[in-house]
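Hi everyone, thanks for making time. I'd like to walk you through a structure that's probably new to you, so let's get it up on the screen.

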Amino acid sequence: MNIKASITIRLLILDDVEDWLEQCEIIDSESGENDIYFGPYSRYDPFPTEEIRERTIERWEKSKDLPNWRRAWGIFHEDKIVGNAQISAGEISTNLHRVDLGISILKQYRNIGLGKRLLNTVIQWCREEPSIHWIDLGVFFGNRDAKILFEKVGFKIIGYKKDAWLIDEKSISETLMSLNVK
């Protein structure tokens with residue numbers, strides 16, 4: 001069976017929160033394998049499901065003209081979320097023209113073009129949204145595949161943050177990237 005042919009991508013709704021959380025917990029458990037980190041949580045701490053659920057519902061419900069809103073898209077294979085991308089607005093009204101992007105895909109669905117397809121969906125949505133001018137993101141050091149993917153869809157490196165994260169007693173730097181959508 002051709003997995004790519006049976007994939008759909010759509011904006012997530014509140015009814016998707018539990019499935020989305022399940023997928024996030026699996027991906028969080030994969031972060032740190034082979035010393036490649038891509039998530040901000042320790043492998044040894046329990047995934048903060050309740051805290052993330054509460055914050056996610058609040059932010060998904062927010063209007064796009066308010067600080068701290070968030071939207072997410074899911075990659076679906078046979079009605080199961082196997083990847084997602086999120087954009088989040090800033091904390092004050094004067095930076096609502098910029099959104100932060102995060103993307104994650106289950107290990108068995110990586111490197112088959114789904115990340116690029118998902119990113120293009122999010123980028124197109126942002127281009128059609130009059131208030132959004134920039135998409136920003138950070139790529140953890142060592143996550144070479146993600147950095148290459150972001151460059152392929154047009155993101156440019158704008159900086160480097162040394163020792164951005166301290167996870168499992170490991171200092172992780174990140175490459176900062178941006179894409180102008182206007």
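**Salt bridges and cores**

Let's start with Glu30, which counts as buried because its relative accessibility is 9%, under the 20% cut-off. Keep in mind that this is a predicted model.

So what does the side chain of Glu30 meet in a salt bridge? The partner is Arg110, with 2.7 Å from N to O. These two come from distant parts of the chain: Glu30 sits in helix H1, Arg110 is in the loop between E4 and H3, and the two positions lie 80 residues apart. Arg110 is at 29% relative accessibility, so this one counts as partly exposed.

Now have a look at Glu18, also in helix H1, which covers residues 17-30. The side chain of Glu18 forms a salt bridge with Arg53, again 2.7 Å from N to O. Arg53 belongs to helix H2, residues 49-61, and the pair is 35 residues apart. Buried or exposed, what about Arg53? Buried, because Arg53 has 18% relative accessibility. Glu18 comes out at 44%, so Glu18 is partly exposed. There's also a third member here: Glu50 joins Glu18 and Arg53 in a network of salt bridges.

One more pair, this time between strands. Arg98 in strand E4 and Asp136 in strand E5 are 38 residues apart, and their side chains meet in a salt bridge at 2.8 Å, N to O. Asp136 is buried, because its relative accessibility is 13%, while Arg98 at 26% is partly exposed. How many salt bridges does the count come to? It comes to 8.

On to the nonpolar side. In soluble globular proteins, nonpolar side chains tend to be buried together. Here, the largest nonpolar core has 34 residues, and among those with the most contacts inside it are Ile75, Ile87, Cys126 and Phe150. Elements giving two or more residues to this core include strands E2, E3, E4 and E5, along with helices H3 and H4. Which element gives the largest share? That's H3, with 6 residues.

If you want one residue to zoom in on, try Phe150. Setting aside neighbours within four places in sequence, Phe150 touches Leu101, Ile103, Leu119, Leu137, Val139, Phe155 and Met177. Apart from this core, there's a second, separate one of 11 residues, with Leu12, Val17, Leu21 and Ile52 among them.

That's my tour, so over to you.

Methods:
Residues are numbered from 1 along each chain as its sequence is written. This is a predicted model: local features need pLDDT of at least 70, side-chain atom pairs count only at pLDDT 80 or more; totals for chains, interfaces and linings use all residues. Side-chain values use heavy atoms; hydrogens and water are left out. A nonpolar core is a set of buried Ala, Val, Leu, Ile, Met, Phe, Trp, Tyr and Cys residues joined through side-chain atoms within 4.5 Å. Buried means under 20% relative accessible area, exposed over 50%, partly exposed in between (1.4 Å probe, protein chains only). Helices (H or I, at least four residues) and strands (E, at least two) are DSSP runs, numbered from the N terminus. Contact means heavy atoms within 4.5 Å. A salt bridge is a side-chain nitrogen of Lys or Arg within 4 Å of a carboxyl oxygen of Asp or Glu.
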